[in-house]
Amino acid sequence: MLRAPGDFAEWRGAARGLLAGGVPPEEVSWRGSEEGASLFGEEAVPASTGAVSLPRELLEMAERVICHRDAEVPSRLYRIIWRAARDRQLLARTTDDDVVWLRGADKAIRRDVHKMHAFVRFRRLGEDAAGRESFAAWFEPSHHILRLTAPFFQRRFTGMDWAIITPDARAIWHDEKLAYGPGGTRDEVPESDVVEDQWRTYYSAIFNPARVKIDAMRAEMPKKYWKNLPEAQDIAPLLAGAEARVERMREAAVSMANPLTDKWRTRVPDELALDDDEKTLDDIARAVDRCTRCPLYCNATQGVAGEGPKSAKIMLVGEQPGDQEDLQGRPFVGPAGQVLNEALAEAGLDRRRLFLTNAVKHFKFEPRGKRRLHQNPTTGEIDICRWWLEKERALVQPELIITLGASALRGVTGKSASIKSMRGTVHELEGGSKLIATIHPSFLLRLPDRERAAKEREMFVADLALARKLAA
Ligand code: URA
């Protein structure tokens with residue numbers, strides 16, 4: 001008899017005992033406590049720690065699949081582990097009915113978890129005397145996945161108290177402890193709050209009418225979730241106004257004048273740029289601004305050198321300054337910088353202690369009306385600009401370099417490689433620094449699909465957190 005649906009530890013304890021005792025699946029009747037097992041006079045199976053060796057992949061799947069709402073799950077899973085204990089190749093038998101069912105159920109759970117990560121919305125309840133805020137969210141998952149998902153929210157929202165209430169169970173993070181309790185009802189959670197208004201404003205602001213794909217949007221954000229998503233009420237009006245907004249954007253482009261854009265017309269090469277005696281980071285910054293090693297200096301407002309303490313253990317390398325960086329003369333102060341700042345904070349990295357720079361030091365863009373549209377630098381431009389990156393590396397001597405995007409990777413290694421092939425592993429660079437390759441934060445800004453963006457962002461933060469651990 002299982003007391004809590006979806007409780008893997010409970011099922012595993014019972015299954016182990018049965019397996020170790022050689023009880024075949026057809027002799028076991030699995031019941032939930034609400035089904036009144038005692039009526040039948042059965043004994044609950046004592047939990048066992050008996051060791052039975054099973055493939056790790058199977059146990060990982062079982063931990064997810066036990067959350068499936070199908071009442072047959074405990075017995076199907078037991079039959080599968082019974083068979084797997086006798087047939088090590090069972091999972092490889094892709095047409096086997098049990099295996100087909102297992103993989104299908106696992107997929108359903110993973111999808112449900114993914115949706116819950118993306119669509120839980122907290123409402124603010126208040127704060128205690130010490131100023132610690134508390135939040136609550138109502139969510140209706142398709143399966144019993146609360147225990148699978150709660151650790152994700154615990155990691156993400158460690159600094160506040162929260163409860164996630166579902167019809168079957170609740171997870172409560174309070175006093176730095178995670179606890180579970182009974183299910184609840186929607187009316188335990190306030191309908192709206194200030195955060196919700198901010199969220200809706202944010203959603204409307206990032207809604208890009210030129211990128212609307214209604215079918216993809218419906219597939220990714222099924223209607224079933226809409227009733228708990230504050231932004232959902234804005235979707236219809238935003239979609240209805242999308243075409244008009246695209247038109248307005250086209251017209252507005254002409255008036256978004258950048259007063260500094262014309263500067264390039266008068267910019268002339270400066271012979272001093274070839275001065276080769278930069279002893280400090282300030283010397284480098286001045287020389288970068290005078291650099292004429294490639295034609296990109298012609299159009300940019302100024303050269304943007306790296307920024308941060310010379311003693312930094314970690315150097316972050318981006319691609320090139322963007323529009324804002326070009327105007328302000330500092331790396332990562334525009335929208336990609338915002339994304340980066342938030343991800344750094346989440347990974348526990350203090351930006352002020354890092355050295356931030358770019359593979360290419362001048363902004364490359366294409367004038368479009370009076371706007372300046374980012375253009376990727378060529379490998380030739382990146383290679384020429386390595387001159388400066390290497391000078392910065394020689395002065396800072398970071399223990400670890402994080403490259404953001406493919407241009408940065410090329411700038412640091414001098415070779416072209418896919419980020420995918422390098423990601424997740426720590427590489428050694430000539431000269432002793434370590435290298436972690438990850439995506440560029442602007443990649444996250446370009447993803448129209450929020451769920452995918454959330455996943456990518458999570459991986460990005462994980463890469464940064466790995467860097468923090470290594471440098472510590
Ligand atoms: N993108 C970059 O790669 N670097 C910056 O400094 C800003 C945006």
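## Helices α4 and α5

In this predicted model, helix α4 meets helix α5 through a set of named side chains. From α4 (residues 97-119) come I109, V113, M116 and H117. From α5 (residues 146-156) come L146, L148, T149, F152 and F153.

The two helices pack at an angle of about 35°. Their axes are 10 Å apart. The crossing of α4 past α5 is right-handed.

## Helices α12 and α17

A second helix pair joins α12 (residues 335-346) and α17 (residues 450-471). Here the axes come within 8 Å. They cross at roughly 60°, and that makes α12 oblique to α17. This crossing, too, is right-handed.

Which residues meet at this crossing? On the α12 side they are L340, E342, A343, L344 and E346. On the α17 side they are R457, F460, V461 and L464.

## The enclosed helix α14

Helix α14 covers residues 406-413. Six of its eight residues are buried, so the helix is largely enclosed by the rest of the structure. The buried residues are S407, A408, L409, R410, G411 and V412.

What covers them? The cover includes three strands: β6 (314-318), β10 (400-404) and β12 (434-438). It also includes the helices α13 (379-396) and α15 (419-422). Just after α14 comes G414, with a positive phi of about 75°.

## Aromatic pairs

A pair of aromatic rings is described by the distance of the centres and the angle of the planes. The count of such pairs in this model comes to twelve. One of them is formed by W30 and Y78. Their ring centres are 5.8 Å apart, and 55° lies between the planes. The pair is tilted.

W30 lies in the loop between α1 (8-20) and α2 (56-65). Y78 lies in helix α3 (residues 73-86). The pair therefore ties together parts that are 48 residues apart in sequence. Are these two residues buried or exposed? Both W30 and Y78 are buried. They also belong to one aromatic cluster, which is formed by F8, W11, W30, Y78 and W82.

## F363, F365 and charges over rings

F363 and F365 form another pair of rings. The centres are 4.9 Å apart and the planes stand at 35°, so this pair is tilted as well. F363 is buried, with a relative accessible area of 2%. F365 is buried too, at 5% relative accessibility.

F365 has a charged neighbour. R372 lies over the face of the F365 ring, at 4.9 Å from the ring centre. A similar arrangement involves Y180. R147 lies over the face of Y180, at 4.3 Å from the ring centre.

## The loop between β4 and β5

Strands β4 (169-174) and β5 (177-182) are joined by a loop that holds D175. E176 lies in this loop as well. D175 has a positive phi of about 55°, although it is not a glycine. E176 also has a positive phi, near 60°, and is a residue other than glycine.

How accessible are these two residues? D175 is exposed, with a relative accessible area of 52%. E176 counts as partly exposed, at 48% relative accessibility. The C-alpha atoms of D175 and T158 are separated by 9.8 Å. Along the chain, D175 and T158 are 17 residues apart.

## The protein as a whole

How many helices and strands does the protein have? Its secondary structure comes to 17 helices and twelve strands. The protein has 472 residues, and buried residues make up 45% of them.

Contacts across the sequence can also be counted. Take the contacts between residues at least 6 apart in sequence. Of these, 70% join residues at least 24 apart.

How values were computed
Residues numbered from 1 in each chain as written. Predicted model: local features only at pLDDT ≥ 70, side-chain atom pairs only at ≥ 80, totals over all residues. Heavy atoms only, no water. Phe/Tyr/Trp six-rings, centres within 6.5 Å; stacked < 30°, edge-to-face > 60°. Helix = DSSP H or I, 4+ residues; strand = E, 2+ residues; numbered from the N terminus. Buried < 20%, exposed > 50% of the residue type's maximum accessible area, 1.4 Å probe, protein only. Lys NZ or Arg CZ within 6 Å of the ring centre and 35° of its normal. Contact = heavy atoms within 4.5 Å. Axes fitted to C-alpha atoms, helices over the stretch in contact; angles between N-to-C directions. Parallel < 35°, antiparallel > 145°, perpendicular 65-115°, else oblique. Left-handed = near helix turned anticlockwise from the far one by under 90°.
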